[in-house]
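The following exercises concern a single protein chain and are to be worked with its sequence and structure at hand. Please attempt each task before reading the solution.

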Amino acid sequence: MAAVPTLSYSSARTYQECPLRWKFLYVDHLAEAPRGYFTFGRTIHAALEELVRPMVVPVVRRAGGKESQRTLDHYASGRPAAGGTATSTEEEVLEIYRRAWSSEGYTSREEEERYRALGAEILLGYYRLLAERPPTPVAVEEHLEATWNGIPVHGYIDRIDRTTNGGLEVLDYKTSRELSHDEALRSDQLSLYQVLVEKNYPDPVEGLTLYHLRSLTSLRSPPRAKDSLDALYNRLGEVSDGIRSEAFDPSPGRQCRRCEFQSRCPEFRLVPAPDQKYLADLVDRFARLRSQEAKIAGELERTAAELHRAAERAGVHRVPGSRAVAIRRREEEWRYPLEEVEGLPRGSSGEPLFRLDRPEEVRRFIRNPEIDPELRRKIADSGRRQVRWYWELEDPDAVD
Ligand code: SF4
């Protein structure tokens with residue numbers, strides 16, 4: 001078995017979607033081509049981190065009593081009062097944005113400019129909100145690790161705020177076009193972040209928020225209940241077990257459309273030229289036999305019945321052919337439908353007072369002199385014999 005993998009939300013989701021794709025990414029470390037959409041997300045996250053980090057008021061974390069991983073002292077921008085911001089003008093915000101920008105992965109100049117304008121709008125709107133309603137962050141872009149009942153997990157948390165009750169609020173930024181409140185309620189990502197924060201901080205998590213950046217809207221949900229966390233733990237356990245046992249089968253589905261590893265995937269890989277004819281012939285033969293399978297089964301039954309009638313007319317049980325000898329065998333079975341027998345001793349709700357499940361038990365009952373002879377006769381009379389004939393083939397040349 002492989003070592004227990006440290007799971008993040010996205011790596012677990014990748015494995016759940018397709019174990020083979022997970023292997024390509026996390027074991028073989030194959031790179032995917034950059035995509036503008038993801039570059040945009042990273043750029044916005046980096047700019048937001050720079051905007052909010054000066055506001056962070058660090059708190060003590062559980063492990064070893066350390067402060068939150070990065071404190072204001074780590075930043076050259078200085079230490080403004082809590083609840084304030086080190087960035088004082090919109091021009092400074094745009095300067096942060098310019099520094100964070102990367103052109104990687106955009107398919108055209110137009111696409112890049114469209115995203116650039118969208119990002120500026122998001123950041124300026126976010127900055128104005130920060131000034132109007134300053135949050136009380138205790139951490140931004142925080143990397144947290146924990147072992148959850150034996151499963152190592154980790155994640156980068158966009159922002160953790162102090163609530164007015166003294167608890168913690170976990171926020172995850174989303175640059176997606178649409179986002180619903182239902183997604184915040186069901187988000188496995190937020191559930192995992194709750195676990196990470198609870199294991200790293202002494203204060204309780206009081207809220208989980210997906211923050212929709214395009215509309216600057218918080219979609220808040222209460223912390224997850226135990227049964228919901230248990231369900232997530234079980235799903236992560238299945239992922240962890242699968243990875244440890246190196247179960248990396250492809251799982252084709254909608255995710256294949258955006259998978260860049262189709263040329264390496266057995267579900268999509270083309271048959272190598274030298275094997276094409278051989279494999280194509282095998283497929284054709286298999287398909288032909290499959291289509292004949294049902295027809296042959298019916299034909300076999302009809303031939304056996306015809307052979308049976310002809311052998312019965314001739315009064316024989318062994319019928320030689322040119323390649324084998326057919327031997328007629330007989331199998332019989334007795335059935336006693338006790339439910340139809342009158343006068344059987346029964347309980348108050350009509351159930352038989354004795355159980356006779358198998359024909360041998362019934363026959364023993366019938367032979368028992370201690371039982372009323374009239375009742376035994378009725379049961380014996382109810383018996384029906386079922387005879388089944390079948391054929392065996394014997395090789396005439398076989399030597400014992
Ligand atoms: S192409 Fe589909 S099945 Fe193959 S690795 Fe990619 S996601 Fe998995």
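The exercises below treat a predicted model, and each is followed by a worked solution.

**Exercise 1. The chain as a whole**

Task: State how many helices and strands the chain has, and what percentage of its residues is buried.

Solution.
1. The chain has eleven helices and eight strands.
2. Of its 400 residues, 37% are buried.
3. The accessible surface comes to about 24,300 Å², and carbon and sulfur atoms hold 51% of that area.
4. Among contacts with a separation of 6 or more, 69% are between residues 24 or more positions apart.

**Exercise 2. Arg 224 without a salt bridge**

Task: Determine why Arg 224 has no salt bridge, given its distance to Asp 188, and identify polar partners of its side chain.

Solution.
1. Locate the residue: Arg 224 lies in the loop that runs from β5 (217-221) to α8.
2. Arg 224 is buried, and the nearest side chain of opposite charge, that of Asp 188, is 6.5 Å away.
3. A salt bridge requires a side-chain nitrogen of Lys or Arg within 4 Å of a carboxyl oxygen of Asp or Glu, so Arg 224 has none.
4. Turn to the polar partners: a polar atom of the Arg 224 side chain lies 2.9 Å from the backbone oxygen of Ser 187.
5. The side chains of Arg 224 and Ser 221 are joined by a polar contact of 3.1 Å.
6. Beyond the neighbours within four places in sequence, the contacts of Arg 224 include Ala 184, Leu 190, Gln 194 and Leu 229.

**Exercise 3. The surroundings of Gln 194**

Task: Decide whether Gln 194 is buried or exposed, and list its contacts outside its neighbours within four places in sequence.

Solution.
1. Gln 194 is part of helix α7 (residues 188-200).
2. Its relative accessible area is 2%; because buried means under 20%, Gln 194 is buried.
3. Outside the neighbours within four places in sequence, Gln 194 is in contact with Val 205, Leu 208, Pro 223, Arg 224 and Leu 229.

**Exercise 4. Salt bridges between distant parts of the chain**

Task: For the salt bridges Arg 258 to Glu 17, Arg 61 to Glu 142 and Arg 128 to Glu 90, give the location and burial of the partners.

Solution.
1. Recall the principle: side chains of opposite charge can pair when their charged atoms come close.
2. The structure holds 33 salt bridges. In one of them, Arg 258 meets Glu 17 at 3.1 Å, N to O. This pair spans 241 residues, with Arg 258 in the loop between α8 and α9 and Glu 17 in helix α1 (residues 9-17). Arg 258 is partly exposed at 38% relative accessible area, and Glu 17 is partly exposed at 26%.
3. Arg 61 meets Glu 142 at 3.0 Å, N to O. Arg 61 is in the loop between α3 (36-52) and α4 (90-100), and Glu 142 is in strand β1 (residues 137-148), 81 residues apart. Both residues are buried.
4. Arg 128 meets Glu 90 at 2.8 Å, N to O. The partners are 38 residues apart, Arg 128 in helix α5 (residues 109-132) and Glu 90 in helix α4. Arg 128 is partly exposed, with a relative accessible area of 40%, as is Glu 90, with 31%.

Note on methods. Residues numbered from 1 in each chain as written. Predicted model: local features only at pLDDT ≥ 70, side-chain atom pairs only at ≥ 80, totals over all residues. Heavy atoms only, no water. Helix = DSSP H or I, 4+ residues; strand = E, 2+ residues; numbered from the N terminus. Buried < 20%, exposed > 50% of the residue type's maximum accessible area, 1.4 Å probe, protein only. Lys, Arg positive; Asp, Glu negative; His and termini not counted. Polar contact = N/O pair within 3.5 Å; in protein donor to acceptor, adjacent residues only side chain to side chain. Contact = heavy atoms within 4.5 Å. Areas by Shrake-Rupley, 256 points an atom, 1.4 Å probe, with all protein chains shown as cover.
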